[in-house]
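Here are some worked exercises to try with a structure viewer open. Have a go at each task before you read its solution.

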Amino acid sequence: MSSPIKSLETFIFASRWIQAPLYLGLIIAQVVYCWLFMVELSHLVSSVFDAAHFSETEVMLVVLGLIDVVMIANLLVMVIVGGYETFVSRLDLEDHPDQPEWLSHVNAGVLKIKLSTAIIGISSIHLLKSFINANNLSEHTLMWQVVIHVVFLFSALAMAMVDKTMTQTLALQHQKNH
């Protein structure tokens with residue numbers, strides 16, 4: 001192979017490191033979500049000791065908001081760790097006691113399925129919050145939230161089916177070659 005082509009290929013492969021600052025930015029976003037969680041949690045706890053009484057519905061809405069923040073933080077971890085591992089560089093975590101189980105078999109397909117199920121979970125929490133607070137929302141808003149949630153469900157199902165088909169095709173090709 002000629003030297004200019006080899007240099008071009010090396011440069012193209014090294015360009016994956018351009019994504020590293022993006023993952024660092026997502027870590028900063030995760031810190032912001034952690035801060036928001038603590039602020040909301042402090043509001044919930046202080047309301048218990050305050051003269052103002054929260055109704056059970058209000059407490060439930062705040063708790064669902066906290067769960068929502070946690071699920072988004074989990075999504076961020078999957079994108080940061082899985083994306084870095086898949087697209088930038090391997091993480092040297094061999095024999096690390098805290099290595100996530102899913103990281104040992106992460107690839108772009110697995111990452112997409114995990115992300116889509118996380119998005120469905122987040123959408124479910126939002127939808128539940130809307131149903132609990134339905135008296136304060138228009139029927140139009142509720143309808144569109146349900147439609148969007150169903151689109152997320154069908155998208156995840158379609159991705160899972162495509163991933164399964166691709167996995168089966170690769171397995172058949174592997175068997176055929178051996």
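The exercises below go from the whole chain to single residues.

A note before starting: this is a predicted model, in which local features need pLDDT of at least 70 and side-chain atom pairs count only at pLDDT 80 or more, while totals for chains, interfaces and linings use all residues. Residues are numbered from 1 along each chain as its sequence is written, and side-chain values use heavy atoms, with hydrogens and water left out.

**Exercise 1. Fold and dimensions**

Work out how many helices and strands the chain has, and how its radius of gyration stands against the value for a compact globule.

Step 1. Take helices (H or I, at least four residues) and strands (E, at least two) as DSSP runs, numbered from the N terminus. The chain has five helices and zero strands, giving the pattern α-α-α-α-α along the sequence.

Step 2. Compute the radius of gyration over C-alpha atoms, and the globule rule as 2.2 Å times the number of residues to the power 0.38. A compact globule of 178 residues would come out near 16 Å, but this chain has 22 Å.

Step 3. Look along the principal axes: the C-alpha trace spans about 75 × 35 × 30 Å.

**Exercise 2. Burial and the nonpolar core**

Find what percentage of the residues count as buried, and which residues have the most contacts inside the largest nonpolar core.

Step 1. Apply the cut-offs: buried is under 20% relative accessible area, exposed is over 50%, and partly exposed lies in between (1.4 Å probe, protein chains only). Of the 178 residues, 23% are buried.

Step 2. Build the core as a set of buried Ala, Val, Leu, Ile, Met, Phe, Trp, Tyr and Cys residues joined through side-chain atoms within 4.5 Å. The largest such core holds 13 residues, and Tyr23, Leu75, Met78 and Leu115 have the most contacts inside it. Helix 3 (56–88) and helix 4 (108–132) are the elements that give two or more residues to this core, and helix 3 gives the most, with seven residues.

Step 3. Zoom in on Leu75, with contact meaning heavy atoms within 4.5 Å. Leaving aside neighbours within four places in sequence, Leu75 touches Leu115, Ala118, Ile119 and Ile122.

**Exercise 3. Three residues to classify**

Decide for Ser116, Thr141 and Ile27 whether each is buried, partly exposed or exposed.

Step 1. Ser116 sits in helix 4 and counts as buried because its relative accessibility is 8%. Beyond its neighbours within four places in sequence, Ser116 is in contact with Ala156 and Met159. Ser116 and Leu75 are 41 residues apart in sequence, with their C-alpha atoms 9.5 Å apart in space.

Step 2. Thr141 belongs to helix 5 (residues 139–177). Its relative accessibility is 30%, so Thr141 counts as partly exposed. Eleven residues along the chain separate Thr141 from Ser130, and their C-alpha atoms are 9.0 Å apart.

Step 3. Ile27 lies in helix 2 (residues 20–49). With a relative accessible area of 37%, Ile27 is partly exposed. Ile27 and Val77 are 50 residues apart in sequence, and 8.2 Å apart from C-alpha to C-alpha.
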